[in-house]
Every structure is written in structure tokens, then in C-alpha cells.
Amino acid sequence: MEQNAPTLGFLLHEVARLLKRRFERHARGSGLTRSQWQVLAYLSFHEGINQSGLAELLEIEPITLGRIVDKLQALGLVERRPDPSDRRVWLLHLTPAAHPKLTLLHRLGVVTRGEALAGLPDTDIEHLLKTLQALKANLTDACVSPVAGQKRVNHG
């Protein structure tokens, strides 16, 4: 590989950044921010999750998610329901008003992906997706394993 060629991490980061930027441009008139879109999207796959669990999935601070959920609740897109097993915890649910927004989110995603993948043959796209899934699986497994040569810290 060429010495000055971009690394895998750099390319993945740049592609993700550009996908986000392009999606944001498509979504400008939607009345929602990218962070709000992201919360709605994750909540559509994990409806009924508590706020701290969703914050962990999104890799953001719970207080940050709380502010986003407050805004989405004020817009009538999300509701908090009490957890039947723990009265201190609230479970997050989409309202019926969120579904048209999610339909728009999906359409904008299709357009953005189409722009990103323009000109690539279907076989290359399939290979790319399989490769990215394999990278994700490898890194998911690696993240739960200790790093070679490092001691495991026990805070118990």
C-alpha cells in the first residue's frame, strides 16, 4: 500500500462525516436536527428502552439525551412512560406523529445513500456491505476482549 494513502480509519471517518453532512442538507427543511433524527431512528428500533440505555447506544451523555428527548416530547414525537418495574425510570416511546417523520427520514436516507453509491455496480455494493458487516463483527468481538499485554483493572 502506498505510504501516503489514507488509512481505513481515516476513510471510514471521512465517508461517515460526508454522509452526515449530505443527509443534514437534505433534511434542512424538516424542522429537526440531526441529533433529533438520530434519536428517533434509534428509538424506532429500540422502542420502550429507558433513557440511560438509549444514551449508551447513541454514545452520548444521559443529560444530553434528556435535552433532546425533552424537545422531541414538546414536538409531540416522543413520550415518556413509567417503567412498571422501577418507578424512578422512564421508558421512551414514539408517538403516532413520529411515524411520518420516520418515513421522511427513511426517504432522505435512501436519497443520500443513492448519491454515495452512484456509479457502483450492485456486486461492489454487496461486497462493501458484507465487508463492513465483517469489520463491525470483528470490532464488536474485539471490544469485549482485553487488549493483549494490558492488565485487566478490577475496581471491585
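**Note on the predicted model**

1. Among contacts in the protein between residues at least 6 apart in sequence, those that join residues at least 24 apart make up 49%. This figure, like every other one in this note, is computed from a predicted model and should be read in that light.

2. As for secondary structure, the protein has six helices and two strands, and, read from the start of the sequence to its end, these elements follow the order α-α-α-α-β-β-α-α.

3. The two strands deserve a paragraph of their own: β1, covering residues 78–83, and β2, covering residues 86–94, run antiparallel and are joined by six bridges. The connection from β1 to β2 is a hairpin that passes through two residues, and D83 has D86, in β2, as its bridge partner.

4. On overall dimensions, the radius of gyration of the protein is 19 Å, whereas a compact globule of 156 residues would be expected to have one near 15 Å. The C-alpha trace, taken along its principal axes, spans about 55 × 50 × 25 Å, which a colleague may wish to set beside the radius of gyration of 19 Å.

5. Turning to the surface, 24% of the 156 residues count as buried, while the protein as a whole exposes about 11700 Å², of which carbon and sulfur atoms supply 57%.

6. With regard to charge, the protein carries 20 positive and 16 negative charges, and the mean positions of these two sets lie 6 Å apart.

Conventions
Residues numbered from 1 in each chain as written. Predicted model: local features only at pLDDT ≥ 70, side-chain atom pairs only at ≥ 80, totals over all residues. Heavy atoms only, no water. Helix = DSSP H or I, 4+ residues; strand = E, 2+ residues; numbered from the N terminus. Rg over C-alpha atoms; globule rule 2.2 N^0.38 Å. Buried < 20%, exposed > 50% of the residue type's maximum accessible area, 1.4 Å probe, protein only. Contact = heavy atoms within 4.5 Å. Areas by Shrake-Rupley, 256 points an atom, 1.4 Å probe, with all protein chains shown as cover. Lys, Arg positive; Asp, Glu negative; His and termini not counted. Charge placed at Lys NZ, Arg CZ, Asp CG, Glu CD. Pairing = 2+ DSSP bridges.
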